[in-house]
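Let's walk through this one together, one question at a time. Take a look at the structure first, and then we can reason about it.

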4 protein chains.
Amino acid sequence: LARFKLSSAPASAARYRLRVGYVDTDKAGVVHHSRYLAYLEAARIEMLRANGLDYRAFEVETGLALPIVEVHMAYRSPARFDDVLDVDTWVSAMSRAKIVFDAKIFRGKDLLHESSVVVACVNMDEARPVSIPDRVVSACAPR
Amino acid sequence: LARFKLSSAPASAARYRLRVGYVDTDKAGVVHHSRYLAYLEAARIEMLRANGLDYRAFEVETGLALPIVEVHMAYRSPARFDDVLDVDTWVSAMSRAKIVFDAKIFRGKDLLHESSVVVACVNMDEARPVSIPDRVVSACAPR
Amino acid sequence: LARFKLSSAPASAARYRLRVGYVDTDKAGVVHHSRYLAYLEAARIEMLRANGLDYRAFEVETGLALPIVEVHMAYRSPARFDDVLDVDTWVSAMSRAKIVFDAKIFRGKDLLHESSVVVACVNMDEARPVSIPDRVVSACAPR
Amino acid sequence: LARFKLSSAPASAARYRLRVGYVDTDKAGVVHHSRYLAYLEAARIEMLRANGLDYRAFEVETGLALPIVEVHMAYRSPARFDDVLDVDTWVSAMSRAKIVFDAKIFRGKDLLHESSVVVACVNMDEARPVSIPDRVVSACAPR
């Protein structure tokens, strides 16, 4: 069986709150498993903003993007329509080429979902990998 | 960094063909990373159908469902609008409680995406885990 | 050409604020036209909540739902990634069987989108239309 | 109440067949109302292809796009998971600036959904409206 290991959430984890939409549910009455990727994406963007990086401006000014290259998710308990969820996000590892964002999603004190999302950095025009720029590194490792 | 190991596609892998929709793309001009989960889901359902299991009838007749409990995905190369993709799916492992569906997504001969999706079996009314029924086991291990 | 007429927003219109996600965009660099329906849905649910109707509890307690039966939308100007949008929603007409929710979506002072969404009321078990219950009527016509 | 009038399907309507995915459903057990826009979009693209216009190549070669400017939809009967649907699409009106695509969605002989979608033509770089090019006009009015 596939395995992955999540780090523990540090005190510096960023918390993003959202409410589950009707459109996010499926006929089993729970949030469709694909929708968690949208929740995690919004949480990462807000984490970067809180740390001083406006991701929209970053793409426009640099012509770079941070595409997802790997995703690992464990579904612990289903989220449901109208639930208020808290997504705690932090950077668990970083190299010149990649950043690993870990996250835990909670409904109140209940852990619903754990994940690890790996992003790279590419030049959008040529789809060529580049080193993670300093302004991104800074936003990922706040002091 | 998180790691996972994919099995090699056996000769018995089921092939599902789809065309990428405009709605599947994002502003980077490629398929959004969350959409692959929809492609994989459709491919699993068609694989089960080809092996004799009508998944819709299964849910209705048994009150059971096969929720996703773990997902691992590696994005090798981006898919784009209007691409014709082939999703090869097979069962790489099975226990009394879980089934692991591995998949490779190709555009022609180019490998774009690899994944491993773990499903459990639950009673939908009580959200209680149950053993994988024989009819599902049979559809996952065709001779 | 198809035509529809929107009412003017009354002072009692409910305002719902959201931020556009990356997942909401398409390869044209703007919000995909289908995503506005998700924005409008969230705005209706928050409008009902503000007027005293918890829509989730309503479905559970009554076995009823408010399915969409008609949608009319006019796209005035595109929304983009990371935009903050305000959705103003109000009830423009009501009968025993149907409610018409009108909405205007703004980015700051710029009008981006106008819509009219007609819902009916059905018994979920039998998919049978029923009269709009008083608690819904009250939440739609606040004094 | 908002009103719109659909033309009757001509013999030349293009038929596009699809199967409803699990991801398309919501907690009411039916296809979410927003997903029909994705079905209609795929049907339009296939209609254009059948009439000699490769829409992907068109965007690349001309820098133009056909954004949606108006949508009208009537939901007659719900579609469900795993249903096979037929989307009949045709052009009901055309001007120098706009094309109106009408569609009816069937499950077997049952009419589930009727719609009218108005598209314009824009220069993607400047988001400036332009006249519908001849190659698009030809693909919309096949003899």
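Q: How far apart are the end C-alpha atoms of helix α1 (residues 35–50) of chain A?
A: Start with what to expect: at 1.5 Å a residue, the 16 residues of this helix should span 22 Å. The model, which is a predicted one, agrees with that expectation, as the end C-alpha atoms of α1(A) are apart by 23 Å.

Q: Is α1(A) largely enclosed or not enclosed by the rest of the structure, and how many of its 16 residues are buried?
A: Buried here means under 20% relative accessible area. Residues of α1(A) that meet this include A:Tyr36, A:Leu40, A:Ile45 and A:Leu48, and the charged-type names A:Arg35, A:Glu41 and A:Arg44 are on the list too. The helix is therefore largely enclosed, and the number of its residues that are buried is twelve.

Q: Which residue with a positive phi follows α1(A)?
A: Look just past the helix for a phi near 100 degrees. The residue that has it is A:Gly52.

Q: What kind of axis relates chain B and chain A?
A: Chain B can be laid on chain A by a turn of 180 degrees, with a shift of 0.0 Å along the axis and an RMSD of 0.0 Å. The two copies are thus related as by a two-fold rotation axis.

Q: Which residue of chain B comes closest to the rotation axis?
A: The distance to look for is 2.3 Å, taken at the C-alpha. In chain B, the residue at that distance is B:His72.

Q: Which element gives the largest share of the side of chain B that touches chain A?
A: The contact joins 24 residues of chain B to 24 residues of chain A, and the two chains have two salt bridges between them. One salt bridge pairs the side chains of B:Glu59 and A:Lys27, at 2.5 Å from N to O. On the chain B side, α1, β3, β5 and β6 each supply at least two residues. The largest share, eight residues, comes from β3(B).

Q: Which three residues supply 57% of the area that chain D buries against chain A?
A: This contact takes ten residues from each of chain D and chain A, and the count of salt bridges between them is zero. The area buried between the two is about 880 Å², with 67% of it from carbon and sulfur atoms. On the side of chain D, the three residues that together supply more than any other three are D:Tyr22, D:Val23 and D:Lys27.

Definitions and conventions:
Residues are numbered from 1 along each chain as its sequence is written. Chains are lettered from A and ligands numbered from 1 in the order in which they are written. This is a predicted model: local features need pLDDT of at least 70, side-chain atom pairs count only at pLDDT 80 or more; totals for chains, interfaces and linings use all residues. Side-chain values use heavy atoms; hydrogens and water are left out. Helices (H or I, at least four residues) and strands (E, at least two) are DSSP runs, numbered from the N terminus. The expected span of a helix is 1.5 Å times one less than its number of residues. Buried means under 20% relative accessible area, exposed over 50%, partly exposed in between (1.4 Å probe, protein chains only). Copies are superposed by least squares on the C-alpha atoms of residues with pLDDT of at least 70 in both. Contact means heavy atoms within 4.5 Å. Buried area is the accessible area (1.4 Å probe) that two parts lose on being put together, summed over both. A salt bridge is a side-chain nitrogen of Lys or Arg within 4 Å of a carboxyl oxygen of Asp or Glu.
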